[in-house]
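Thank you all for coming. Please take a moment with the sequence and the model before I begin, and keep both in view while I talk.

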Amino acid sequence: MENMKSARKNDTGDTGSDLSEQIKAATKDIHVRAENTKLMLSYQKGQITLPQYKVLLCSLYKIYKALEDELDRNCSHPAVAPVYFPQELARVESLERDLEFFFGSDWTKKVIVPAATHRYEQRLREIGKEKPELLVAHAYTRYLGDLSGGQVLGKITQKSLRLSSKEGLSFFSFPGVTSPNRFKQLYRSRMNSVELTGEEKAAVLEEAVSAFELNIQVFDDLEKMLSITTEDADQSKTCFPASPVMQFTVGLCLTLATIGATLYAM
């Protein structure tokens, strides 16, 4: 893959060793593709509804639950340990607070997600068991997205949903991080210190690209769902409407869930 070849070179043309820069180079083209989808541009304009956001939270919860379960389980792994920051970065408890705010105390009975979310969840659990070093790629793209573009999305979401307080927006808050920019520098530095063989490093780069590919596949699935009329979609007043409207709403919100990964500033 040509972009991976360029990822292995620094500005002087020599082989570079910074894993964070290599991931940035390896995912540059696919990052741009994901960033410029019609839906993402619409989201930035504040076009999100409460039912959509609630389904988004459900998908995010499943994804982060899998990611953080595997990071916790592999926290002593030599590739995971340097980038293991549960106090500063963990999102599951924040998402649980948001889900309780919107759904009530019995929110666990109301979490429904589409097949694409389960596929991502399964991938995270698979590599957590078989190749923990690949978790580095997913943690990097997701968490740095939360600390970068995710902060912008938090403000957009609050305004779009007309929320008068920060309740329901815990996902976007990082009380353990006083300076996102400085923390991102620390995270990159720790990530670059991870010792990987050439084969392992190539696999991490491929996994980062795959993460974006999964996102784009969701966008493609959404395009197919858009054949459902907006009139039918508007008839839904609940978070999880009946099929086929559920397919449209759930597909839309899962796609929104991928935006945080496409907005990060690596």
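**A walk through the model**

Let me start with Arg162, which counts as exposed because its relative accessibility is 78%. I should say at once that this is a predicted model. Arg162 belongs to the loop between helix H10, residues 149-160, and helix H11, residues 180-192, and its phi is near 55°, a positive value in a residue other than glycine.

From there I would like to turn to the aromatic rings. How many aromatic pairs does the structure hold? There are 10 aromatic pairs, and one of them is formed by Tyr61 and Trp107, an edge-to-face pair with 5.2 Å from centre to centre and 85° between the planes. Tyr61 lies in helix H5, residues 50-73, while Trp107 lies in the loop between helix H7 (92-103) and helix H8 (115-130), so this pair ties together parts that are 46 residues apart in sequence. Both Tyr61 and Trp107 are buried.

A second pair to look at is Phe85 with Phe183, which is edge-to-face because the ring centres are 5.0 Å apart and the planes stand at 75°. Since Phe85 is in the loop between H5 and helix H6 (86-89), and Phe183 is in helix H11, the pair ties together parts that are 98 residues apart in sequence. Are these two residues, Phe85 and Phe183, buried or exposed? Both of them are buried. Elsewhere, ring pairs link Tyr64, Tyr143, Phe171 and Phe172 into a cluster, and the charged end of Arg91 sits over the ring of Phe174, 3.7 Å from its centre.

Helix H5, where we met Tyr61, deserves a word of its own. Its 24 residues reach 34 Å from the first C-alpha to the last, close to the 34 Å expected at 1.5 Å a residue, and the helix is mostly covered, with 17 of its 24 residues buried.

H5 also brings us to the largest pocket, where it supplies the largest share of the lining, 5 residues. The space in this pocket is about 400 Å³, and of the 24 residues that line the pocket, the closest to its centre are Glu68, Pro86, Leu89, Ala90 and Arg91. At least two lining residues come from each of H5, H6, H7 and helix H9, residues 135-147. By class, the lining has 13 nonpolar, 3 polar and 8 charged residues. Arg91, then, is among the residues closest to the pocket centre, and its charged end is placed over the ring of Phe174.

Conventions: Residues numbered from 1 in each chain as written. Predicted model: local features only at pLDDT ≥ 70, side-chain atom pairs only at ≥ 80, totals over all residues. Heavy atoms only, no water. Helix = DSSP H or I, 4+ residues; strand = E, 2+ residues; numbered from the N terminus. Buried < 20%, exposed > 50% of the residue type's maximum accessible area, 1.4 Å probe, protein only. Phe/Tyr/Trp six-rings, centres within 6.5 Å; stacked < 30°, edge-to-face > 60°. Lys NZ or Arg CZ within 6 Å of the ring centre and 35° of its normal. Expected span 1.5 Å × (residues − 1). 1 Å grid on protein atoms, 1.4 Å probe; cavity = no way out; pocket = protein on both sides within 12 Å on 5 of 7 lines; lining within 4 Å. Points joined across faces, edges and corners; volume = space filled by probe spheres on them. Nonpolar A, V, L, I, M, F, W, Y, C, P; charged D, E, K, R; others polar.
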